[in-house]
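Good morning, colleagues. Please look at the structure on the screen while I describe selected parts of its interior.

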Amino acid sequence: MSLASADAATDTAAAKQSHLNSSRAHVDALLTRFRRTRKFTNALCSGLEPEDYVVQSMPDVSPTKWHLAHTTWFFETFVLKKFFAGYRTEIPEYAYLFNSYYNAAGDMHRRDLRGLISRPTVQETERYRASIDSHVDELLSGGNEKLLDEIEPILVLGIHHEQQHQELLITDIKHVFAQNPLYPVFRKRQRHIAAEKATPLQFFEFEQTITPIGHDGRGFAYDNEGPRHQALVPRFLLASRPVTNGEYIEFVEDGGYRRPEFWLSLGWMTVNEQRWQAPLYWTKHDGSWSHFTLSGFRPIDESEPVTHVSYFEADAYATWAGARLPTEFEWERAALDCPIEGNFVEDEIFHPRGLLTSEHNRRLDQMFGDVWEWTRSAYSPYPGYRAVPGALGEYNGKFMCNQYVLRGGSCATSRSHIRRTYRNFFQPEKRWQFTGIRLARDPE
């Protein structure tokens, strides 16, 4: 063999080895992310008893066991059944029990009846999770680069889908525990570092501009975050931080829940039908306010952001305060210069916290984490939006009716899940999520 031929053979072998190393690294990165997400879901359940897993305290709440099974069904349905040649589901009936709203994927069990399903047991559900995890490991480990390229977008969507259900698992178990007069503790409170008294609320002005709105296509995003488009955002003022418990108490004690002039018509109807007198989980005893938290029942810290308020309550408070809620476009424009940092689920505090003096920014505090912030924007499609075909196209688009957009994430949101362009959405009367208030104003 000539020297030139030997060099060419060496180069070819090196290129092949480099490609193999690259493929292996690709697989390892995907598997690591998948395993980390699945493991964290399991870790969130540590300390729960089997009886805790099966309770459904209202139609909006799903039992913990259902969250564990549904997120597993997602990977089985959209990854294994599509890409794993010869895969056969072990228990076909799970497809009916653990589908949520994907009509194109088949029929589904009624959402409001999930708490009536005692089987599969918690142990069987955990076995189902382990089995599907093992099959996904096997599929990815044996896949070629072409297959991995096809699987990756759906696997990453499944990971983000599971992170959404991690948040729902936390807020749902809080609602379940709150119905129990024993007020069970989900996690013991970490050593409490008292926040400073809340800094005075300030409003910062943003000049009128035409700004890009929506995801720029780099990295993962849900389809409802696009298409990216230009939007005119007129001059506005935005509050330096979320509304605190102490500020909200002033509204409550000024008769806020008894004065119809602050409320939207449907909101006032809801207040009276539901007999709301304060945010969810609040009670007043001997002249002092307390609330139920995931670390038990405790006095309200007035420096913490108020949470578990509906859109109706957020809007009524803003009217009482002589302000309004921001639009989602104002919020996104203001968030462009804000770092994505804050109190997220990885911190395992599971509750909004007041700011320490050292954490105050020069302008906007707590734009991310702690509480989802209601906007006054109806949840509707961006210009040019089209849902993708098939079951996965049902993920966001079909809910674009009678809901409002929230931004920024909460103490139950994963840090790796949130983005400046992320659009959460709920109906205006919902308040079991960690939802809060940031005020805006129009320039005088």
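I shall take two loop residues and then the nonpolar cores.

This is a predicted model, in which local features need pLDDT of at least 70 and side-chain atom pairs count only at pLDDT 80 or more, while totals for chains, interfaces and linings use all residues. Residues are numbered from 1 along each chain as its sequence is written, and side-chain values use heavy atoms, with hydrogens and water left out.

I begin with His-351. This residue lies in the loop between helix H9 (328-335) and strand E8 (372-378); helices (H or I, at least four residues) and strands (E, at least two) are DSSP runs, numbered from the N terminus. With a relative accessible area of 4%, His-351 is buried, a term that means under 20% with a 1.4 Å probe and protein chains only. Its side chain makes a polar contact of 2.9 Å with that of Glu-304 and another of 3.5 Å with that of Arg-298. A polar contact is a pair of N or O atoms within 3.5 Å; within protein, one must be able to donate a hydrogen and the other to accept it, and residues adjacent in sequence count only if both atoms are side-chain atoms.

Arg-419 sits in the loop between strand E9 (404-407) and strand E10 (424-426), and is buried at 11% relative accessibility.

The largest nonpolar core, a set of buried Ala, Val, Leu, Ile, Met, Phe, Trp, Tyr and Cys residues joined through side-chain atoms within 4.5 Å, has 109 residues. Helix H5 (residues 145-178) gives the most to this core, 14 residues. A second, separate core of five residues includes Tyr-379 and Met-400.

Note on methods. Buried means under 20% relative accessible area, exposed over 50%, partly exposed in between (1.4 Å probe, protein chains only).
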